[in-house]
Amino acid sequence: MSRFFTTGSDSESESSLSGEELVTKPVGGNYGKQALLLSEDEEDTKRVVRSAKDKRFEELTNLIRTIRNAMKIRDVTKCLEEFELLGKAYGKAKSIVDKEGVPRFYIRILADLEDYLNELWEDKEGKKKMNKNNAKALSTLRQKIRKYNRDFESHITNYKQNPEQSADEDAEKNEEDSEGSSDEDEDEDGISAAAFLKKKSEAPSGDSRKFLKKLEDEDEDSEDSEDDEDWDTGSTSSDSDSEEEEGKQAAPASRFLKKAPTTEEDKKAAEKKREDKAKKKHDRKSKRLDEEEEDNEGGEWERVRGGMPLVKEKPKMFAKGTEITHAVVIKKLNEILQARGKKGTDRAAQIELLQLLVQIASENNLGEGVTVKIKFNIIASLYDYNPNLATYMKPEMWQKCLDCINELMDILFANPNIFVGENILEESENLHNVDQPLRIRGCILTLVERMDEEFTKIMQNTDPHSQEYVEHLKDEAQVCAIIERVQRYLEEKGTTEEICRVYLRRILHTYYKFDYKAHQRQLTPPEGSSKSEQDQAENEGEDSAVLMERLCKYIYAKDRTDRIRTCAILCHIYHHALHSRWYQARDLMLMSHLQDNIQHADPPVQILYNRTMVQLGICAFRQGLTKDAHNALLDIQSSGRAKELLGQGLLLRSLQERNQEQEKVERRRQVPFHLHINLELLECVYLVSAMLLEIPYMAAHESDARRRMISKQFHHQLRVGERQPLLGPPESMREHVVAASKAMKMGDWKTCHSFIINEKMNGKVWDLFPEADKVRTMLVRKIQEESLRTYLFTYSSVYDSISMETLSDMFELDLPTVHSIISKMIINEELMASLDQPTQTVVMHRTEPTAQQNLALQLAEKLGSLVENNERVFDHKQGTYGGYFRDQKDGYRKNEGYMRRGGYRQQQSQTAY
Amino acid sequence: MASRKEGTGSAATSSSSTTDTTGKGKGGSGDSAVKQVQIDGLVVLKIIKHYQEEGQGTEVVQGVLLGLVVEDRLEITNCFPFPHHTEDDADFDEVQYQMEMMRSLRHVNIDHLHVGWYQSTYYGSFITRALLDSQFSYQHAIEESVVLIYDPIKTAQGSLSLKAYRLTPKLMEVCKEKDFSPEALKKANITFEHMFEEVLIVIKNSHLINVLMWELEKKSAVADKHELLSLASSNHLGKNLQLLMDRVDEMSQDIIKYNTYMRNTSNMQRQSRGEPPLPEEDLSKLFKPPQPPARMDSLLIAGQINTYCRNIKEFTAQNLGKLFMAQALQEYNN
């Protein structure tokens, strides 16, 4: 029969193939649901039992189901295709059929299909509407089925007479299936099985309609089991030798490849439900593994079902009598691992299984090697638990993960003869030979790094203002401890590269923490005997500065990847800056030349760089180096995107501009809250530095037309302040700074001071510094000095001379300071004045040009540039027409500057001849 | 230079003869249709009044001049202002208004021939594209028409500043062609000096008016006469410098534009000759076909600069004179 079909079908089916694929896809879309409906699958698994007969029959039923689906959607082409496959499958099942008789469901589909086709054929209107492919397929199929059915005439008639037969019988057989939802499915199979056993000839036509309806009811069912269908079609194709058929089956086959594991996993998941059965599956699986080589999963699968009752009896990972050896455990492990990462795998179950396996291994004293190996995999599975990169670990998982790593570390420390490494091949692993050192594939460092990332992710995804966050943050100590342990372990055994990596992890957990102990120690120099025990204990921990120094230096020396070194440098600078070691931080920043090429780094490193720069700026500010502070913060602040640049939040504005994908990526880059730099502090530091620089500058260059802004941001704030229709007392930090700037413009340092340093500002900003009082004193002094400068710039034209003592009183600065400030101004030619030493007065010189003179100077300058431009035009003329262009160009260059006129003449003389 | 000084007191003595001899109008304007503009005192007063009523600051006032052409002399006998424009009467028909006005004037037997227009100016900044265009259209329609430029600020300082300008025939040609490319202007051989020609102005009053003036002069207080002698100069000078500077800036930009154009064209020539291009400042410009910049603007700017310079020169010269005088007086008093 199959031969008959192969000869008859190829041309049509192939021609219709292309159209077909599209139609079938939507059906395939349902596969996704598969994983959820575990019970169904299990039933399938269980139902087809015992023998090759069932296997074949299942193939057939699956095909039939596809056909019925196709019929429902009036997809004749599909019907034709599947029908051909059915014929082939039937041919394959021939031997069984010979033994058992023609299955009833087979007859039924034949009868239904014929009826259906006839109906379609009669429906002239419908036929017209049909597309060309379908119409063609219809006629072909109709002819074929007629011919084909001739062989089964007796069966069909028989069936038609007696369409509904002892469903109960079958139900009994499948009593194990308790789920009600599958009843219908059951029925169908039951009927068919029963019917085919009867092998009656003669059946009245017309009942088929009923079946169709019934099938509709079974909609859900059939969809659920489509998986199986594909499975079977797939195996069919793999069995068959004909190339053409394989091509036809390509799509389903590939689906099968994907799906096959899914079903396995589903099975597994179901297994988990019934805990007592949990282990039998592995038994099955191991069996299957053996069989897999036979390239016949389908068959094997059914046989597993057959083994069901047996399995029930022994709720163990391994067959009862099996001797637990290394080989067996490893094999089991591999089995479990094979499911890893596949769609539909129940990951929780997998973890459980692995843990069970560890237990078994330890129970049977298989040695640490195996335990370590399995532990590695447990941790890996824990990481895999979340398929999505964005989601984070559940707390219990996380705890489990930490514990597991700790245990693993315990073992590794306890057994120095275990070698762990990524580069150890699976084959060369030595898990049990105790005589030789144990060799295990796996990388503890990678696991720890991943753990660290998970930690970051957890922190990112927790609301920073909740208690939960604090709880999570407590784990940080644990994370650090683990990293430290790994570090110790790797220092003994790891390669330099690995050490660098783990050092970096350590650094990343250290750099942002302010070392209060060291700070305390610095403040209170050792007083010898009076040291309490507590102090002693405190001092035991390594000073974080020393630690950073040590780790970073190692990385600088040994690291070969640029990224680690860059990160280490940045962290080091950050740490220096955090602890107010400005000069070290600055020197390191300058020596590393990071500013030149940081824009080529990847975004996380750039974020780190930005954080470092900000910290550096704040550090400079604390030291009273306003200019440095301003320069360091300028880039970050001027963009207006400080939040984004520091990875401390996404801007709403650009939310529309990026798509979901980008947003996810950006979200992943966010720095956890406990690492955040206070943005208000940052802005305040920037604005105050800008104020201290800008206000005197503005006063000095009041009339200069070419005055440029030092800080746009600051000017912007000033303008915003000016635009206020009604100026109330300042509320926000910015308003405070603006108000202070206005006071400073007048040289009124007291008001300025009261605006910058008061209760509100203390609470908002200044108290956030570790040495708040020192910063405040510095700030007051700066304000006094800059106010004095501003005052002199603004009002120097009003004075003929001014006593330094008056100034000193006005600004509450001591005389030498005033003297030095004024001297500096005179030296820098900012102030046209001279000091009269005996009387301690500043004598002003009137050298400022008047408005007209200023204008004239500007005009002269402009004319200069005009002339220059004009000469360039002239150059062109000469070059184009005179042919002396190059010489003139040189001549022009030579005579640039004050000699321009001469140069000009020279050119003329050159062109003359 | 046909500006005619006329203080409140100094009056034209005879009605038929020119009192102004300081004018040194361009001798080369022989081929022009008009050699002299004779303005009625009435017209001058009307223009001044118009500005004082409606113009202020940088805002300019404009109006139509009426009169007759007698031989090579243009006699302007009357004028009327253009109404002040506001946003809401955009549909106001200017031409209609002019025709109406002229018809009405004819009814009262006043000269109704359109012979030009007048405009006030702010610190002498009148050489603009707008002026060029409208004067061109006037001169195109009525060959003899002139534009009178009235400088209220200078007038307020004590010397009436009223000047008559016409476009030179050369510029007329160029404007007719509407081709302001560098080549065309070069061919026309036109420079900023040859854009406008100034026409001699004569103010003519009737004898009766002259008599009245004499009378008035006797009655007027001494202080009124000496506005001229104000020593305050910085404001005016500063303004002039500022404006001059702005123009210089514009000129500079224009030159840079031209320079780029030159560079581009020469680059293209070089490319066609297979030579390496000159170092390009902005590569993107290379791919645009170079558009020859219109040179008329720079000509106008140059003309404007010239006017400013002349103004400043004149003003400073006068001021220096005044300062020396003041110094001498000081010494004399001491």
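**View 1. α10(B) at the wall of the second largest cavity.** In this predicted model, α10(B) puts three residues into the lining of the second largest cavity, and that's the biggest share. β6 (162-167) of chain B joins α10 (296-333) in supplying at least two lining residues each. The space they border comes to about 90 Å³. It's one of eight cavities of 30 Å³ or more in the structure.

**View 2. Who lines the second largest cavity, residue by residue.** The lining takes in T121(B), G124(B), F126(B), I149(B), D151(B) and K154(B), along with S161(B), K163(B), Y165(B), T307(B), R310(B) and N311(B). What sort of chemistry do the lining residues of the second largest cavity bring, nonpolar, polar or charged? It's a mix: three nonpolar, five polar and four charged. D151(B), K154(B), K163(B) and R310(B) are among the lining residues to pick out here, and F126(B), I149(B) and Y165(B) belong to the lining too.

**View 3. S181(B), in a loop between two helices.** Look for S181(B) in the loop that runs between α5 (169-177) and α6 (182-188) of chain B. UniProt, in an unreviewed entry, gives this serine, S181(B), the feature "modified residue: Phosphoserine". Is S181(B) buried or exposed? S181(B) counts as buried, because its relative accessibility is 15% and the cut-off for buried is under 20%.

**View 4. Chain B, zoomed out for context.** Ten helices and seven strands make up the secondary structure of chain B. Of its 334 residues, 43% count as buried. Take the contacts in chain B between residues at least 6 apart in sequence: 74% of them join residues at least 24 apart. As for the surface, chain B exposes about 18400 Å², with carbon and sulfur atoms supplying 56% of that.

**View 5. S796(A) and the residues it touches.** Over in chain A, S796(A) sits in the loop between α43 (772-795) and β3 (801-803). S796(A) counts as buried because its relative accessibility is 18%, with the cut-off set at under 20%. Which residues does S796(A) touch, leaving out those up to four places away in sequence? They are Y791(A), L831(A), M844(A) and R846(A). For the pair S796(A) and R846(A), the sequence separation is 50 residues, while the C-alpha to C-alpha distance is 9.5 Å.

Technical notes:
Residues numbered from 1 in each chain as written. Chains lettered and ligands numbered in written order. Predicted model: local features only at pLDDT ≥ 70, side-chain atom pairs only at ≥ 80, totals over all residues. Heavy atoms only, no water. UniProt positions renumbered as here; feature names shortened; annotations may be inferred. Helix = DSSP H or I, 4+ residues; strand = E, 2+ residues; numbered from the N terminus. Buried < 20%, exposed > 50% of the residue type's maximum accessible area, 1.4 Å probe, protein only. Contact = heavy atoms within 4.5 Å. Areas by Shrake-Rupley, 256 points an atom, 1.4 Å probe, with all protein chains shown as cover. 1 Å grid on protein atoms, 1.4 Å probe; cavity = no way out; pocket = protein on both sides within 12 Å on 5 of 7 lines; lining within 4 Å. Points joined across faces, edges and corners; volume = space filled by probe spheres on them. Nonpolar A, V, L, I, M, F, W, Y, C, P; charged D, E, K, R; others polar.
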